[in-house]
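User: Please examine one part of this structure closely, beginning with a pair of strands and working outward from there. I would like a single connected account.

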Amino acid sequence: MACLVAATLTVGARAQGLEQRPWCGTDLSSETTRKALAAYVRARDAGLLDVARKTQTPPVIGEVRSFNVLDGTDLNTASWRPRDFELVDIADHYYQWVDVAEWATMTAQKKDLVRSLDGPMETAAPAGAFREGFGIIDNDLYLFGNLPDFDDDGGLVDILMYDIEPGNNENGSTVGFVHSVDLWPDAEPGVGNQRLVLYLDAKEGTSSLGLLAGVAAHELTHLIHNGYGGDESFNMEGLAEYGMLANGYFWRGTSYLSEVEEMSLPLFTWRQDLLDYERASLFFGYLADRIGPEATGSIVRENNIGWNAVKDALGKIPGAPSFLQVVGDLHTANAVNDATLAAEFSHVPLHRAGVQALLPAPVDGSSTTMTSASGVPVEGGSVRYGSWRDVRDFSFRFWLASTDPVDVARFNGRMRARLVLYRADGGREWHDLLPSSTPTTFEGEYDSAILVLYNGSGAINYLPLVEYEATWQALSTDAEPVIELPAEAVLSPAYPNPFNPTTVVPFSLPVPGVARLRAFDVLGRHVATLVDGFRPAGPQSILLDASGLAGGTYLLVLEAGGVTRTRTVTYLP
């Protein structure tokens, strides 16, 4: 099932965490899905879909037709039933139909919102889209490929809007989906529609135009992906998430980076969990920063599936990083998010400026001179972090616990360790290490050392157990001044304010913990995430770079320790 997140465009709703409610739809991996897509691909390759099946004349506004839809309070158990829909809009790429009963009870304002979908879909996606001046549909087709060659109306998509899961409004119901049986040439009568159909919710899905269009961008990517035979869930959902991101919709947080167990799971894990969507969204967004939107979109068209599809796409790009490099650089960016260390060790978009993984509490190098670990599982594509402070002449080695030569050979090709070292004199450096029984020593004094231990494979059927050892000389430090901590989270005034184009946003936390600092425009639309993850106690600050944003006043919202603090800033370009 494809889970989306409701992009409630009010600051109050976001402060209450409502955007984290799951809204599930597209069936990606059931037996029915696999059969339907396999049958479609066979028919397509045999040339049986080349002749358009003109069974009906083109519709006109106000016309009512019957379509089959999944009808029930739970989409997982819903059955296909016919329902009447009224045509409310005809666009260049789609027909827009709304359930007759829903349309009759909609307010005029809601009807205007529904019909205004053609703005972002056909004319121009919002600010932040990778191609300005183009609509979502043209952008998705440009990035991901063609729509399936299967329809009876010349390739137009039928957008069907109805209350997909009535009765689930309190806990979050489905806001959008596509279904593979719509492409199944041999589907039973009454099952699916044998047309290009995109299903959108007529209730929660119409809470804002941003939500409606963002969901449409996500599901349209699924529809295109289905036309190429589909893929494993991580790729299907991650690329659909990128379909939203590339069109200017930034919905996903990175709360999974605050949970050690989540970061230690295989990268391509898929459990239908909201955290899986965060992981997939971050991965494909980061990948697009590295290799570009077009190369990222080409993964949809790869013959391979899963991490092998990503690896194959990377292999076709001259000078592109390997899959192993991308995994290591992603985990490093999650740990330090610092472009001044290396461009690939940061997240480029403004809404990812505050991404930071939860690192273990640093080992105090002034009180001990060695740490070791044994039997550490490092799943495919996952990471284990380590941290030290106040060390001199730092030495490190790691190796495989197994002595089986086959295991060792496979392991040595996949496992890497990266050390990011912050020197006492202010310098910074990083080093990549291979498995070895011999330690590598880095001479000098270091304020801190961060270990990024990762498995550079996407495979989830092989689990190496790792051992490592770090040694150093004790580094004495002068007593640091005692910092007075606030009783609750504090968001201080930004400086300068007004600003152009950057300003420093100071804040302070009473205890270490997860904090979120986000920016919204005056309409309550989320425009940037500055902080989203575990932060230390005490005073700290983050840079807000408004380059690319429109001039005006923005609201900063800090959420930490169960309290919410707000400040306004004004950008004068």
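Analyst: Strand β5 (residues 94–99) and strand β6 (residues 157–162) run parallel and are joined by 5 bridges. Within this pairing, Y94 stands opposite V157 of β6. The account rests on a predicted model.

The two strands belong to an open sheet of 6 strands with mixed pairing, in the order β3-β4-β5-β6-β8-β7. At its edges are β3 (64–71) and β7 (176–177), each of which pairs on one side only. In general, the strands of a sheet are paired through backbone hydrogen bonds, in either the parallel or the antiparallel sense.

Helix α7 (209–227) lies across β6, β7 and β8 (197–201). With respect to β8, this helix runs at about 150°. Helix α7 is also part of what covers the buried residues of another helix, α2. The buried residues in α2 are T33, A36, L37, A39, Y40, V41 and A43. Helix α2 (residues 31–45) has 15 residues, which at 1.5 Å a residue should span 21 Å; the end C-alpha atoms are 21 Å apart, so the two values agree. The expected span is reckoned on one less than the number of residues. After α2 comes G47, whose phi is positive, near 75°.

The next topic is the nonpolar interior. The largest nonpolar core comprises 94 residues, and the residues with the most contacts inside it are I159, L200, F283, F284, L287 and V310. The greatest contribution to this core comes from helix α10 (residues 274–291), with 10 residues. With neighbours within four places in sequence set aside, L287 is in contact with G292, T296, I299, V310, L314 and V326. Another core, of 25 residues, lies apart from the largest one; V505, V527, L530 and L544 are among its members.

Two residues that are not glycines have a positive phi. One of them is Q272, with phi of about 65°, in the loop between α9 (260–263) and α10. Q272 has a relative accessibility of 29% and therefore counts as partly exposed, since that class lies between the 20% and 50% limits. N337 has a positive phi of about 45° and lies in the loop between α13 (323–336) and β9. The relative accessible area of N337 is 17%, so this residue is buried, the limit being under 20%.

Strand β9 leads to a second sheet. This open sheet has 5 strands with mixed pairing, in the order β9-β20-β19-β22-β23. Because β9 (355–356) and β23 (563–571) each have a single partner strand, they stand at the edges, and one side of each is left without a neighbour in the sheet. Strand β19 (residues 513–520) pairs with strand β20 (residues 526–535) in the antiparallel sense, over 8 bridges. In that pairing, R535 of β20 is the bridge partner of G513.

Finally, the loop between β17 (490–491) and β18 (502–509) holds P496, and P498 is also placed between β17 and β18. The peptide bond from Y495 to P496 is cis, with omega near -5°. A cis peptide bond also joins N497 and P498, where omega is about 5°.

Terms used:
Residues are numbered from 1 along each chain as its sequence is written. This is a predicted model: local features need pLDDT of at least 70, side-chain atom pairs count only at pLDDT 80 or more; totals for chains, interfaces and linings use all residues. Side-chain values use heavy atoms; hydrogens and water are left out. A nonpolar core is a set of buried Ala, Val, Leu, Ile, Met, Phe, Trp, Tyr and Cys residues joined through side-chain atoms within 4.5 Å. Buried means under 20% relative accessible area, exposed over 50%, partly exposed in between (1.4 Å probe, protein chains only). Helices (H or I, at least four residues) and strands (E, at least two) are DSSP runs, numbered from the N terminus. Contact means heavy atoms within 4.5 Å. Two strands pair if DSSP finds at least two bridges between them. Axes are lines fitted to C-alpha atoms, for helices over the stretch in contact, and angles run from 0 to 180 degrees between N-to-C directions.
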